[in-house]
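Reader: Pick one strand pairing in this model and take me through it closely, residue by residue where you can. Then work outwards from there to the rest of the chain.

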Amino acid sequence: MTEPFLWWRDGIIYQIYPRSFADTDSDGLGDIPGITARLDYLADLGVDAIWLSPIYPSPDVDFGYDVSDYTAIDPRFGSLDDFDRMVQEAHQRGIRIVLDLVLNHTSDQHPWFKASRSSRDNPYRDWYLWVAPKPGGGRPNNWQSIFGGPGWEFDPETGEYYFHMFAKEQPDLNWRNPAVRQAVLDVVRFWLDHGTDGFRLDVFNVYFKHADLLDNPFAIGLRGFDRQRHIYDIDQPEMMPFLAELRSLLDSCPERYMVGETFTGGYQNAVRYTGADRLHAAFNFSFTQARWNPAKFLREIQSWDRALGKDNWPNYVLSNHDLPRAATRFAKDGNDERLKVAAVLMLTLRGTPFLYYGEEIGMRDISLRRDQILDPPGKRYWPFFKGRDGCRSPMQWDPGPNAGFTTGQPWLPVHPGYPSRNVANQQKDPGSLLNFYRALIRLRRSHSALTRGDFRPLPMGSAPVLAYVRSVPGQSILVALNFSAQAQTIHIDKEANRPDWEMYLSSRQDSPASLQAGCLTLGPDEACLLGNRM
Ligand code: ISL
């Protein structure tokens with residue numbers, strides 16, 4: 001019996017960076033009514049869920065990842081009523097809502113922290129990591145902030161240090177305090193009650209710190225943070241019982257989901273945190289680091305698959321709000337053909353694809369002058385690291401002013417290429433990346449081989465091609481991806497012996513790959529799917 005469609009396993013999750021998606025009140029920031037207004041676009045594209053980067057009140061030191069109230073909507077994004085309406089409208093279209101939970105730290109403007117820092121005997125004091133200076137006045141230990149410098153900030157008013165893994169305006173919560181854990185579970189319950197279908201847990205494996213606050217040992221690395229082995233400030237065992245508690249809360253409602261952002265560490269770490277009493281998934285960021293080389297992609301696919309085993313479901317990410325976009329990395333020349341190859345890869349592997357807004361039209365990063373940089377690590381590490389603003393520019397909807405994103409002044413510049421690269425133009429062009437995505441997603445939805453099917457790579461020798469077969473009983477799909485700008489002929493004798501392969505979709509509409517006597521000849525940068533209904 002075929003299993004029924006399960007949105008987070010068989011579907012596609014689309015990440016929206018809300019302040020850059022669609023602005024309806026001309027303040028230059030995207031908002032929730034803007035997302036609601038674009039749900040038809042998303043339904044037509046064929047996504048099954050949207051993950052929203054934080055929409056809670058925030059002083060924006062880290063653009064929403066510094067939360068000052070977990071159970072409200074930032075008024076610049078709208079109201080709780082707007083949120084409820086968005087959830088309802090999304091659900092009517094079969095689109096689920098995934099919220100970003102940033103629970104390792106709050107904003108320093110959160111009432112919890114304001115109370116906590118007000119005096120040493122405030123009842124909230126123990127909600128954060130406050131430690132007295134060492135005898136002689138030094139910091140409690142050598143822990144570093146990822147955004148640069150020591151992780152300890154001295155508070156002259158109360159004479160103690162507090163810890164912050166990110167900016168000093170993002171104090172870390174004290175997860176060993178049961179009151180904190182209870183408050184967090186109440187937050188989760190609040191959003192479940194508002195119809196939220198899933199959560200993305202920001203840097204969840206950083207929540208707990210070693211109780212004795214021991215110094216991390218030395219490691220070789222570039223930035224201060226990388227010059228330590230993070231054995232005492234990351235991945236503490238106390239996380240497991242909490243994940244189990246969180247999971248049972250989610251499982252008390254049907255079809256809820258949580259995906260964690262494992263901070264540092266590869267598949268070994270992801271495996272540890274995934275399972276029936278843990279997360280549904282931990283992000284696989286390996287494609288965000290891979291070079292344009294089919295062997296490298298295949299190695300990552302197989303390593304993750306093998307490590308996750310039968311019981312856990314893989315996922316794939318090409319871009320997000322912290323990293324240069326896939327289009328910027330893989331298609332520097334402005335040509336979208338490679339992006340079609342990347343799209344087919346993402347949407348035909350065994351695993352949940354996460355798409356980042358604008359990926360479907362091939363949006364590239366913007367480049368900013370130093371005085372335009374807003375992102376804290378970008379400001380600190382310029383010119384070695386120019387920050388993460390580049391991949392957060394406004395969605396390019398149409399060729400009108402500000403790409404149709406806002407009638408006000410956009411909070412970040414719109415990419416200068418928007419008059420040609422935008423949704424409206426690509427909707428009209430049958431050969432566009434957007435229309436290719438739509439066709440591909442439709443094909444994926446109507447073929448369970450592409451979601452639930454086995455994954456069997458075909459041996460390619462040294463050819464710059466990745467080819468594999470996905471199959472369920474009665475249905476096979478052969479995917480072939482040419483990673484080079486030259487035509488490639490590959491031998492797929494064993495597969496090709498079947499008589500009735502037919503071309504389902506090719507990224508080269510005009511001259512799709514041809515299959516003759518067991519040889520498939522792919523055009524330059526071609527991605528194609530052949531189907532077989534035996
Ligand atoms: O982008 C990074 C450094 O410049 C990463 O190290 C990033 O900080 C890390 O992946 C954690 O990311 C998440 O938590 C951060 C927030 O700034 C990111 O936007 C978020 O994705 C703190 O909440």
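Author: Let's start with strand β12 (residues 454–457), which runs antiparallel to β13 and is joined to it by 4 bridges. Strands here are DSSP runs of E with at least two residues, helices are runs of H or I with at least four, and both are numbered from the N terminus. Two strands pair if DSSP finds at least two bridges between them. If you want one spot to click on, Pro 457 sits opposite Tyr 468 in β13.

Before going on, a word about what you're looking at: this is a predicted model, where local features need pLDDT of at least 70 and side-chain atom pairs count only at pLDDT 80 or more, while totals for chains, interfaces and linings use all residues. Residues are numbered from 1 along each chain as its sequence is written, and side-chain values use heavy atoms, with hydrogens and water left out.

Now β13 itself. Strand β13 (residues 465–472) has 8 of its 8 residues buried, so it is largely enclosed by the rest of the structure. Buried means under 20% relative accessible area, exposed means over 50%, and partly exposed is in between, with a 1.4 Å probe and protein chains only. In a regular strand, side chains alternate between the two faces of the sheet. In β13 both faces are covered: Val 465, Ala 467, Val 469 and Ser 471 are buried on one side, and Leu 466, Tyr 468, Arg 470 and Val 472 are buried on the other. Arg 470 is a nice one to zoom in on: it belongs to β13 and counts as buried at 0% relative accessibility. For a sense of distance, the C-alpha atoms of Arg 470 and Ile 234 are 37 Å apart, with their positions 236 residues apart along the chain.

β13 also pairs with strand β14 (residues 475–482), in the antiparallel sense and over 8 bridges. Val 469 has Leu 478 of β14 as its bridge partner. The two strands make a hairpin with 2 residues between them, and Gly 474 in that turn has a positive phi of about 90 degrees.

Moving out, there's an open sheet of 8 strands with parallel pairing, in the order β9-β8-β7-β3-β2-β1-β11-β10. Its edge strands are β9 (281–282) and β10 (315–317), each pairing on one side only. Within that sheet, strand β1 (residues 13–16) and strand β2 (residues 49–52) are parallel partners over 4 bridges, and Tyr 14 stands opposite Ile 50 in β2.

Tyr 14 comes up again around Glu 360, a residue in the loop between β11 (352–356) and α13 (376–381). Contact means heavy atoms within 4.5 Å. Setting aside neighbours within four places in sequence, Glu 360 is in contact with Tyr 14, Tyr 41, Leu 45, Met 395, Gln 426, Leu 433, Leu 434 and Tyr 437. Glu 360 counts as buried, at 0% relative accessibility.

Another open sheet has 3 strands, ordered β4-β6-β5 with antiparallel pairing. β4 (130–131) and β5 (152–155) are at its edges with a single partner strand each, so one side of each is left without a neighbour in the sheet. β4 is joined to strand β6 (residues 160–163) by 2 bridges, with Val 131 partnered by Tyr 161.

A few backbone oddities are worth a look too. Trp 382 and Pro 383 are joined by a cis peptide bond, omega about 0 degrees, and Pro 383 is in the loop between α13 and α14 (423–428). Asp 235 has a positive phi, near 55 degrees, without being a glycine; you'll find Asp 235 in the loop between β7 (198–201) and α7 (239–251). Glu 255 likewise isn't a glycine, yet has a positive phi of about 55 degrees. Glu 255 lies in the loop between α7 and β8 (257–260) and is partly exposed, at 38% relative accessible area.

Zooming right out, the chain has 16 helices and 19 strands. Of its 534 residues, 61% are buried. Taking contacts between residues at least 6 apart in sequence, 68% join residues at least 24 apart. The C-alpha atoms fill a box of roughly 80 × 50 × 45 Å along the principal axes.
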